[in-house]
Amino acid sequence: MAILFRHAEHLVKQQPWYTGAYRPNIVTYTLAVLQFTILKSGKGRQLDLEAIWNAQAVPPAVSSQMIAIAGTVFNVLTSPSRGKTNVTEWAKSEACWERAREVVVPLSDAILNEMVDPIAKRYTDAGALSQIGYGVFARTAVLGVNTEEWELLREWGGQKALLDAKDAALLRTASRLPKFVPSVRECERIWAVRSRLIKHGFGAVKP
């Protein structure tokens, strides 16, 4: 993550729209929107942080995605219609974050090809992803999906006869967020069910 952050700082400084101000806000929002977009549209896949660490560099496809996101983030932060006159204060508001999420840049095919399935990686690359680390990822990922999508997943999986009673119960639990937050172990299982249904053709994921 530190490599990504420093790389984002470098990219922002190179952009023709960059005026020398608000770089911390732009960089932070760029990484947050990148992660939000991946959670929403990555079909269960994630950035290969291990590969980035091993290479000590960010792949060109990820750089291109970050540049595109940074441009939209800059426009949101400095828009004349922003909720607060002070850009830094505007960046701290929930309204700013909501607006940034609305102008998400679609993931390119190139970055999708760079991403990995953490479910598969957990079982095929022993030791690369610890149980604790995976649990944290799973909970964060589950919380990042809206309740409507969990309900759609449950209905679709049921119609396709792809869910047993336990799977359906887990998705029903997820649809109760944020009133009820599943345990880390439940989040791992919920995310695995979601990934499986997507592989079987679920395509009604809302942005």
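In this predicted model, Ser 63 is in contact with His 7, Leu 11 and Val 58 once its neighbours within four places in sequence are set aside. Ser 63 has its place in helix H4, and because its relative accessibility is 10%, where the cut-off for a buried residue is under 20%, Ser 63 counts as buried. Two of these partners, His 7 and Leu 11, also appear on the H1 side of the contact between H1 and H4, and that contact is a convenient place to continue.

The axes of H1 and H4 come within 10 Å of each other and cross at roughly 60°, which means that H1 is oblique to H4. The crossing of these two helices is right-handed. On the side of H1 the contact is made by Leu 4, His 7, Ala 8, Leu 11 and Val 12, while H4 contributes Val 62, Ser 63, Met 66, Ile 67 and Ala 70. Sorted by class, the residues of the contact of H1 with H4 comprise eight nonpolar and two polar ones, with no charged residue among them.

From Leu 4 the picture can be widened. Not counting residues up to four places away in sequence, Leu 4 touches Leu 31, Leu 47, Leu 49, Ile 52, Val 58, Val 62 and Met 66. Leu 4 is also one of the residues with the most contacts inside the largest nonpolar core, which has 37 residues; the others named in that respect are Ile 26, Tyr 29, Leu 47, Met 66, Leu 77 and Ile 111. The elements that give two or more residues to this core are helix H1 (2-14), helix H2 (23-41), helix H4 (60-78), helix H5 (87-91), helix H6 (94-102) and helix H7 (109-114). Of these, H4 supplies the largest share of the core, namely nine residues. Apart from this core lies another, of 20 residues, which includes Ala 138, Leu 163, Leu 177 and Ile 190.

How do these parts sit within the chain as a whole, and how many helices and strands does the chain have? The chain has 12 helices and zero strands, so that, read along the sequence, its pattern is α-α-α-α-α-α-α-α-α-α-α-α. Of the 207 residues of the chain, 43% count as buried. Among the contacts between residues at least 6 apart in sequence, 74% join residues that are at least 24 apart.

A contact of this long-range kind can be followed at Phe 36, which lies in helix H2. With a relative accessible area of 17%, Phe 36 is buried, because the cut-off is under 20%. Leaving aside its neighbours within four places in sequence, Phe 36 is in contact with Trp 97, Arg 101 and Val 104. Phe 36 and Val 104 are 68 residues apart in sequence, and their C-alpha atoms are 8.6 Å apart in space.

Further along the chain, another pair of helices can be set beside H1 and H4. Helices H10 and H11 pack at an angle of about 160°, with their axes 8 Å apart, which means that H10 is roughly antiparallel to H11. The crossing of H10 and H11 is left-handed, whereas that of H1 and H4 is right-handed. The contact is made by Thr 147, Trp 150, Leu 153 and Arg 154 of H10 together with Ala 168, Leu 171, Arg 172 and Ala 174 of H11. By class, the contact of H10 with H11 has five nonpolar residues, one polar residue and two charged residues; the contact of H1 with H4, by comparison, has no charged residues.

The loops deserve a look at their backbone angles as well. Ala 161 lies in the loop between helix H10 (147-159) and helix H11 (165-174), and Ala 161 has a positive phi of about 60° although it is not a glycine. With a relative accessible area of 65%, Ala 161 is exposed, because the cut-off for that class is over 50%. A positive phi is also found at Tyr 22, where the value is near 65°, again in a residue other than glycine. Tyr 22 lies in the loop between H1 and H2, and at 32% relative accessibility Tyr 22 counts as partly exposed.

Technical notes:
Residues numbered from 1 in each chain as written. Predicted model: local features only at pLDDT ≥ 70, side-chain atom pairs only at ≥ 80, totals over all residues. Heavy atoms only, no water. Core = buried A, V, L, I, M, F, W, Y, C linked by side-chain atoms within 4.5 Å. Buried < 20%, exposed > 50% of the residue type's maximum accessible area, 1.4 Å probe, protein only. Helix = DSSP H or I, 4+ residues; strand = E, 2+ residues; numbered from the N terminus. Contact = heavy atoms within 4.5 Å. Axes fitted to C-alpha atoms, helices over the stretch in contact; angles between N-to-C directions. Parallel < 35°, antiparallel > 145°, perpendicular 65-115°, else oblique. Left-handed = near helix turned anticlockwise from the far one by under 90°. Nonpolar A, V, L, I, M, F, W, Y, C, P; charged D, E, K, R; others polar.
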